[in-house]
Amino acid sequence: MRFLLCILLLYTCLTGSGQAKAIDSLERILLKPGLDTHKVNACRILTGMVLRTDPSKAIAYGRQGIFMAKQLDFARGLGGCYVNLSAAYNAAFRLDSALLCLDTAVVLAKQLNDPNRLALIYLNRADTYRQLNNFSQCLKDCDTSLKYAELAGNNDRLARVYQTMGSVYFAQNKYEQSIPYSEKALALFQKNGNMAMAAIVLNNLGNVYKYTPDIQKAIGHFEAAIHIADSLGDLNNLSMYHGNLCDVYAKNGNYAKAEDHAGKAMQYATTQENELQMIRSWIAYGEIYLGQKKYEAAINAANRAYDLSQSQEYIDGQQVSADQLSEAYAASGDFKKAFQFSKISKELNDSIGRQRYNDDIAALQTTFKVEEKNREIQLLSKDAELRQAQLSRQRSLLFSAAALLLLLIGGVVLFVNRNRIRQRMKELELRNRIAADLHDEVGSSLSSIHVLSNIAQKKGDGQLGDTLVKISSNAHQTMERMSDIVWAIHPANDTLEQLIFKMKEFAADILEPLDIQYDFVVEDDLGRMGLDINQRRDLYLIFKEAVNNAAKYSGCRHVQISITREESSLVMKVSDDGSGFDTNAMRRGNGLQNMRQRAKQMGGSLLIDSSEKTGTTVVLSIRK
């Protein structure tokens, strides 16, 4: 055991030496010229490293870091310095300054939208309020810290918040409320593998159960804390844990076990040179010996505690040990010394009462100052909120005006669109009526002329017969052309698919009676290439002319027809294997000129490629 303690002491010394080297390295960074973020971070780290040993020096480092961070506009470093400076003020018992630093750190952390840091800041502020006995505000900050810790997914923060809440309820003697929070903290520390903190929470639970009828649970928790601390070599806390277990056994009259644990507590305290734990151990011995009526031993232990408390200016220790001495001397018959220490105990008790009263007043003053500062901050916040509300109203008016304008524009567009649709409907109705009139009136008249001319031709003389033949032929041609016009006008035929279907019908009617083989190839998915009514009419008429010429004049045996899409153009090609002709010598009435004119009108191009005995190819290209 002694060998193990020596090894642990050597480790502690080495650790202390390493910390000193780290402090020297960070201080060398501060000696470099100029300002940079590395210096701010060095100040922040130094503040945290020395706040326990030298709070005044830590405060100086924190202030230096804040000054540099403000000069550099380094928001993250500024927030970190405020957090560590608050801890330094806390170590110096300047709780009002600590709270003001934490309030500023909250604002900076919210600007950075850092939930993890906000959880830490609210936790630190809760602990500061706990020290001021402002338990309601402490629990409020614990709730806020809990929400940010959950948002950050930081189980260690959650555990520490639960631990603080358990301590607050314990301080208010609300043991039933303290236990669940401490158990939550214990479970999270164990889950994270933070066994040192798990041992501390087990010790806290032991202290809670010490004031309940379930003393065995108190013993079990203290023993579990001792087991963990022993495995970790945590000598300082081992002294405290053994001391607490000693109190439980002494309270229940098991003085043998109480004395055993008091001895272990003293051993660890002496090894660590922890005077406070040594005082508590001597006081524990005094209680044990008084309980066993071993007054000489009690007087010896209480005197050791009293002398050590005087040297450490530990008033609570002086008062308790003086009270023990008064009781022990009275029991042993030395009433003079009993009276002397009784008087000392009473004076010390009064002094402690006055000190606690002063501390309470100081805490109230600190709380008042902080609340006054918070009221100022709230007034500034309300002022900012009013400005923000004004800006919000202005934005709302702007958005409302923009929305109204959009609605107005939408209404105008809708009105125009409805008029356009109405005009389109009127146009479709007109086209239907024209198509019906042409078919019913003009069509029937031409049909009658055609029939009557045929009858007259059969009955008349020769010259009249020729005239009637010509009338019949012209009437028949007019009927065909009128039929094409009626088809083109009718709205039901406005699609490219309908046009192609009619072209196939025409090709079959013209070519099949003449026993001319033909292929009609149409590329898939041409429906997206929309053509207006004029383009559909001209395309069809050019097609008719090309197929008619191939059938009547070329003497061909085969015709190849294709309608395809080439990039953004619709291409119709009609080819035959007939006799062909010389395009330079074409006559004016053969319709080729009309085909070119129609192609030009529809915004397309027409290519007629032909020569004698090589066939003819007509290519119409319409750009869409």
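In which loop is lysine 293 found? In this predicted model, lysine 293 sits in the loop that joins helix 14, residues 275-291, to helix 15, residues 295-312. The backbone there deserves a second look, since the phi of lysine 293 is near 60°, a positive value in a residue that is not glycine. Most residues other than glycine have a negative phi. The side of the question that concerns solvent can be settled too: lysine 293 counts as exposed, because its relative accessibility is 60% and the cut-off for exposed is over 50%.

With that loop as a starting point, the whole protein can be described. The protein contains 21 helices and five strands, and of its 624 residues 40% count as buried. Its accessible surface comes to about 35500 Å², and 53% of that surface belongs to carbon and sulfur atoms. Among the contacts with a separation of 6 or more, 60% are between residues 24 or more positions apart.

The strands come next. An open sheet of five strands has the order 1-2-3-5-4, and its pairing is mixed. The edges of this sheet are formed by strand 1, residues 517-522, and strand 4, residues 604-610, each of which pairs on one side only. From one strand to the next, the twist averages 10°. Within the sheet, strand 3, residues 569-576, and strand 5, residues 616-623, pair in the antiparallel sense over eight bridges, and lysine 573 stands opposite valine 619 in strand 5.

Two helices can then be placed against these strands. Helix 19, residues 496-511, lies across strand 1, strand 2 (558-566) and strand 3, and runs at about 175° to strand 1. Helix 21, residues 592-601, lies across strand 4 and strand 5, where the angle to strand 4 is about 150°.

The path from helix 19 to strand 1 leads to another residue with a positive phi. Aspartate 515 has its place in the loop between helix 19 and strand 1, and although aspartate 515 is not a glycine, its phi is positive, at about 60°. How exposed is aspartate 515? Aspartate 515 is partly exposed, because its relative accessible area of 49% falls between the limits of 20% for buried and 50% for exposed. To return to the opening, lysine 293 counts as exposed, whereas aspartate 515 counts as partly exposed, and each of these residues lies in a loop, lysine 293 between helix 14 and helix 15 and aspartate 515 between helix 19 and strand 1.

Note on methods: Residues numbered from 1 in each chain as written. Predicted model: local features only at pLDDT ≥ 70, side-chain atom pairs only at ≥ 80, totals over all residues. Heavy atoms only, no water. Pairing = 2+ DSSP bridges. Helix = DSSP H or I, 4+ residues; strand = E, 2+ residues; numbered from the N terminus. Axes fitted to C-alpha atoms, helices over the stretch in contact; angles between N-to-C directions. Contact = heavy atoms within 4.5 Å. Buried < 20%, exposed > 50% of the residue type's maximum accessible area, 1.4 Å probe, protein only. Areas by Shrake-Rupley, 256 points an atom, 1.4 Å probe, with all protein chains shown as cover.
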